[in-house]
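Me: Please take a close look at a single part of this structure, and then set it in the context of its surroundings. I would like one connected account, with the criteria behind each term.

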Amino acid sequence: MKKIGLVLSSIAMFFALSTGATAQTNSQTLTNANAIKIAASASDHFWNALHGYKKTPCTQGTFNYKGTPYTYLCPEFDTKAELTNYLSETFTNNAVEKGLTKYSYITYNGKLAHPVGDGFSMLEWTKAKAKLVYQTSTVRSYEFTVPTVDGATVKRTVTFYKAGTQWKVNKFDAVQ
């Protein structure tokens with residue numbers, strides 16, 4: 001009886017691990033479905049970084065810096081290293097560095113901050129349709145048709161790079 005339980009546990013763990021958002025697969029198995037999962041996860045990471053938290057909002061202090069209003073990120077993203085580590089789950093290192101620069105993240109008084117802004121994703125990435133348009137052993141580009149919350153659709157091209165055993169998005173705002 002213990003053997004059956006162990007086998008069932010192993011099978012359940014295999015399926016749980018094989019459906020992860022980063023799709024730790026080899027170059028032959030980045031499927032349309034996995035590309036959609038990774039893009040959806042990257043979109044969540046993008047918006048969480050812009051909001052300054054993952055799950056629970058906090059009271060974010062604001063200040064002016066060189067004439068621009070800024071807001072601090074929540075404690076889980078207090079430092080550039082913490083935010084970079086989080087974003088690196090779904091984005092390449094190059095995408096993270098360029099994204100933090102493009103969106104004007106700064107360290108001020110020892111805490112990470114970015115210009116005050118608002119917004120949320122209108123795109124429903126989990127309902128997207130993917131079409132592979134370019135591939136090599138370490139690079140894949142997909143054209144996505146992504147529905148919006150108001151019933152329209154938009155086209156997005158997202159390029160994935162293989163980083164070790166994971167496929168990652170190579171442009172920070174490709175999934176916004």
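Reply: Helices (H or I, at least four residues) and strands (E, at least two) are DSSP runs, numbered from the N terminus. On that basis, serine 104 belongs to the loop that joins α4 (93–102) to β3 (106–108), and α4 with this loop is the part I take up here. This is a predicted model, in which local features need pLDDT of at least 70 and side-chain atom pairs count only at pLDDT 80 or more, while totals for chains, interfaces and linings use all residues. Residues are numbered from 1 along each chain as its sequence is written, and side-chain values use heavy atoms, with hydrogens and water left out.

The mean pLDDT (the predictor's confidence in each residue, from 0 to 100) is 85 for the protein, and 84% of the residues score at least 70. Residues 1–28, however, have a pLDDT below 50, and this stretch makes 26 contacts in the model beyond near neighbours in sequence, a contact being heavy atoms within 4.5 Å.

Within α4, Ala95, Val96, Gly99 and Leu100 are buried, where buried means under 20% relative accessible area, exposed over 50%, and partly exposed in between (1.4 Å probe, protein chains only). Viewed down the axis of α4, these buried residues fall within an arc of 125° and so line one face of the helix; the arc is that of the directions from the helix axis to the C-beta atoms. The other side of α4 carries the exposed residues Asn93, Lys98, Thr101 and Lys102. The packing partners of the buried residues of α4 are α3 and β8.

After α4 comes serine 104, which has a positive phi near 60° although it is a residue other than glycine. Serine 104 counts as partly exposed because its relative accessible area is 29%.

Turning to the partner helix, α3 (residues 80–87) has Leu83, Thr84, Tyr86 and Leu87 as its buried residues. They fall within an arc of 160° when seen down the axis of α3, so they too line one face of the helix, whereas Ala81 and Asn85, on the other side of α3, are exposed. The cover over the buried residues of α3 includes α2, α4 and β4 (111–115).

The other partner of α4, strand β8, belongs to an open sheet of 4 strands in the order β5-β6-β7-β8, with antiparallel pairing; two strands pair if DSSP finds at least two bridges between them. Since β5 (129–135) and β8 (166–169) stand at the edges with a single partner strand each, one side of each is left without a neighbour in the sheet. On average, neighbouring strands of this sheet are turned by 30° against each other, direction ignored. Helix α2 (residues 32–51) packs on the sheet and touches β5, β6, β7 and β8, its direction making about 75° with that of β6; axes are lines fitted to C-alpha atoms, for helices over the stretch in contact, and angles run from 0 to 180 degrees between N-to-C directions.

Away from α4, a positive phi also occurs at lysine 66, near 55° and again in a residue other than glycine. Lysine 66 sits in the loop between β1 (62–65) and β2 (68–72), and it is exposed because its relative accessible area is 74%.
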